[in-house]
Amino acid sequence: KNAQNQSRTNFGVYVDFENNVLKNWTVGIAARYENYSDFGSAFAGKLATRYEFVKGFALRGAISNGFRAPSLSQAYFSSIATNFIGGVPFEVGTFPVNTPVAKALGAKPLDAEKSVNYSAGFTFQQSNFDLTIDGYLITLTNRVVLSENFTGSGVQTFLKGLGINATGGRYFTNAVDTKTYGVDITAKYGVQLNEKSTLKFVLAMNFNKN
């Protein structure tokens, strides 16, 4: 009963323009249109800029928005598995949101995850040494996660009445908004061993909070 055969088609159009507004100032603009057969269409865009104050040192920043359609597994995945809740085993079913069972438990049609992304930082290059430091902030709405496990006596009676061999149920839902921010740091140093060989040291660090 859990086996399904689902598919989707999608196409996208992407354009990207980047040019120097001034000798040391670069601006880039990008846009994307995408259409899903089972989801609909959406637009996303990006604006980025970089200004080199002196040779080897530049500031840069970007702002963009994005979207992610629910995956086929999030929209249609179905299974019944044993979950331990408070040490007690339950046969919990994961039901697709478009089924009568999931709708009865409160499921609604899935929407796309949408994000807005900000970043700013600088680059420094001198001789064999490179350093980049960027801070970023990502806000994400309608994140798709699993609902809680519904295991009350009413749920068990309801599932039994439908002939489903489960004592609980759950489904995927747009339930969470998140904010992620942090800093990326990358340092590189190259040592010329001979005319044909270079030894490069790379140190990369990321600090973030979600």
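Here are some notes on the predicted model of this protein chain, going from the overall fold down to single residues.

1. Overall make-up. Eleven strands and three helices account for the secondary structure of the protein chain. Going along the sequence, the order reads β-β-β-β-α-β-β-α-β-β-α-β-β-β. The chain is more spread out than a compact globule, because its radius of gyration is 25 Å while the globule rule gives 17 Å for 210 residues. Along the principal axes, the C-alpha atoms take up a box of roughly 75 × 40 × 30 Å.

2. Burial and surface. Of the 210 residues in the protein chain, 29% are buried. The accessible surface adds up to about 13600 Å², and carbon and sulfur atoms supply 57% of that.

3. Contacts along the sequence. Take the contacts in the protein chain between residues at least 6 apart in sequence: 57% of these join residues at least 24 apart. Some of the salt bridges below are worth looking at with that in mind.

4. Charges. The protein chain carries 20 positive and 14 negative charges, and the mean positions of the two sets lie 3 Å apart. How many salt bridges does the count come to? The number is four, and I go through some of them next.

5. Arg8 and Asp38. These two form a salt bridge, with 3.1 Å between the closest N and O atoms. Arg8 sits in the segment before β1 (10–22) and Asp38 in the loop between β2 (25–36) and β3 (40–54), so the bridge ties together parts that are 30 residues apart in sequence. Are the partners buried or exposed? Arg8 is partly exposed at 24% relative accessibility, and Asp38 is partly exposed as well, at 34%.

6. Asp134 and Arg60. Here the side chains meet in a salt bridge at 2.6 Å, N to O. Asp134 belongs to strand β8 (residues 129–146) and Arg60 to strand β4 (residues 57–68), so to speak distant parts of the chain, 74 residues apart. Asp134 has 14% relative accessibility and therefore counts as buried, since the cut-off for buried is under 20%. Arg60, at 33%, counts as partly exposed.

7. Arg68 and Glu113. Strand β4 turns up again in this salt bridge: Arg68 is in β4, while Glu113 is in strand β7 (residues 113–126), 45 residues apart. The N to O distance is 3.0 Å. On the arginine side, Arg68 is partly exposed, with a relative accessible area of 34%. On the acid side, Glu113 is buried, with 9% relative accessibility.

8. Ser127. Which backbone angle deserves a look at Ser127? Its phi is near 55°, which is a positive value in a residue other than glycine. Ser127 lies in the loop between β7 and β8. The residue is exposed, its relative accessible area being 67%.

9. Asn142. This is another residue other than glycine with a positive phi, near 60°. Asn142 is in strand β8, the strand that also holds Asp134. With a relative accessible area of 25%, Asn142 is partly exposed. When you have the structure open, I'd look at Ser127 in its loop and then at Asn142 in its strand.

Key: Residues numbered from 1 in each chain as written. Predicted model: local features only at pLDDT ≥ 70, side-chain atom pairs only at ≥ 80, totals over all residues. Heavy atoms only, no water. Helix = DSSP H or I, 4+ residues; strand = E, 2+ residues; numbered from the N terminus. Rg over C-alpha atoms; globule rule 2.2 N^0.38 Å. Buried < 20%, exposed > 50% of the residue type's maximum accessible area, 1.4 Å probe, protein only. Contact = heavy atoms within 4.5 Å. Areas by Shrake-Rupley, 256 points an atom, 1.4 Å probe, with all protein chains shown as cover. Lys, Arg positive; Asp, Glu negative; His and termini not counted. Charge placed at Lys NZ, Arg CZ, Asp CG, Glu CD.
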